[in-house]
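Work through the following exercises with the structure open beside you, and try each task before you read its solution.

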Amino acid sequence: MPEGAYRYDDGTIEDFQCAPGPAGWRYVGRTSGATPGGRVDVAVDSRWRQVRLEIHGGGWLLRGGVTGPKTLWVRGAAGDLAGAQEHTAAAAGFTGSSPGLLVAIARSLALTVGVAARVRLVAVTAPVLATRLVEQEWTLHEVSEHETETAPLAVERYSVADLATGVTEVLYLSGDVALSGPGVELHALASPPTGI
């Protein structure tokens with residue numbers, strides 16, 4: 001079960017744990033530092049669809065998940081979703097700054113080297129957990145092996161292009177751990193990534 005910490009460019013630390021389970025995979029991250037008190041908890045099914053998501057941050061709470069071709073969510077004051085309005089969109093899931101979301105998207109696309117896929121997602125922006133729809137193109141450019149003390153580590157290099165702005169960012173993954181991505185890098189890892 002990988003656990004460790006990611007460091008964001010603004011100094012925020014996200015301590016995380018992730019693990020495969022009998023029906024899919026789960027990621028839990030908690031932030032401290034520049035943006036303290038945030039939490040992301042995402043569970044995916046065997047096809048890596050984000051069936052349950054909960055994000056806390058800035059006094060807000062967002063809960064949602066994918067059901068069929070749609071993504072559903074509610075957002076409200078932390079601890080009180082009673083008056084929150086339900087939202088729905090034709091989207092494959094959620095994206096945001098947390099590496100856990102990026103891993104889930106990459107694995108759901110199941111790309112092979114040289115192949116690209118377009119995907120529509122609900123982007124969640126911290127700290128107020130505002131949402132907007134984004135169209136992205138993900139491309140897996142290469143898979144390289146890096147020697148470690150125990151076994152070779154397969155590292156995948158993706159590019160993620162925002163189709164509205166043209167901005168392209170690079171993401172490196174190994175199994176179920178992001179090594180580096182947009183505005184974030186792996187800071188500490190207590191156990192190796194789970195091979196996916």
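**Exercise 1.** In which strand is Ser174 found? Decide also whether Ser174 is buried or exposed, and list the residues that Ser174 touches beyond its neighbours in sequence.

*Solution.* Keep in mind from the start that this is a predicted model. Begin with the position along the chain: strand β13 covers residues 168-174, and Ser174 belongs to this strand. Next, take the relative accessibility of Ser174, which is 3%, and compare it with the cut-off, since a residue counts as buried when its relative accessible area is under 20%. Ser174 is therefore classed as buried. Finally, leave aside residues up to four places away in sequence, and the residues touched by Ser174 are Arg107, Leu153, Ala154, Leu179 and Pro193.

**Exercise 2.** Where does Thr12 lie, and which side chain does the side chain of Thr12 join in a polar contact?

*Solution.* First find the two strands on either side, β1 (3-8) and β2 (13-20); Thr12 lies in the loop between them. Then consider exposure: with a relative accessible area of 3%, Thr12 is buried. The last step is to look for a partner, and here the side chains of Thr12 and Asp10 are joined by a polar contact of 2.9 Å.

**Exercise 3.** How many of the 11 residues of helix α1 are buried, and what is the sign of phi at the residue that follows α1?

*Solution.* Locate α1 at residues 99-109, and then count the covered positions, which gives 9 of 11, so that the helix is mostly covered. The buried residues of α1 are Pro99, Gly100, Leu101, Leu102, Val103, Ala104, Ile105, Ala106 and Arg107, and Arg107 is also one of the residues touched by Ser174. Moving past the end of the helix, we reach Ala110, which follows α1 and has a positive phi, near 50°.

**Exercise 4.** How many helices and strands does the protein have, and why can it be called as compact as a globular protein of its length?

*Solution.* Start with the secondary structure, which consists of 1 helix and 15 strands. Then compare two values: the radius of gyration is 16 Å, and the globule rule gives 16 Å for 196 residues, so the protein is as compact as a globular protein of that length. As a further step, note that the C-alpha trace spans about 55 × 35 × 35 Å along its principal axes, and that 43% of the 196 residues count as buried.

Conventions:
Residues numbered from 1 in each chain as written. Predicted model: local features only at pLDDT ≥ 70, side-chain atom pairs only at ≥ 80, totals over all residues. Heavy atoms only, no water. Helix = DSSP H or I, 4+ residues; strand = E, 2+ residues; numbered from the N terminus. Rg over C-alpha atoms; globule rule 2.2 N^0.38 Å. Buried < 20%, exposed > 50% of the residue type's maximum accessible area, 1.4 Å probe, protein only. Polar contact = N/O pair within 3.5 Å; in protein donor to acceptor, adjacent residues only side chain to side chain. Contact = heavy atoms within 4.5 Å.
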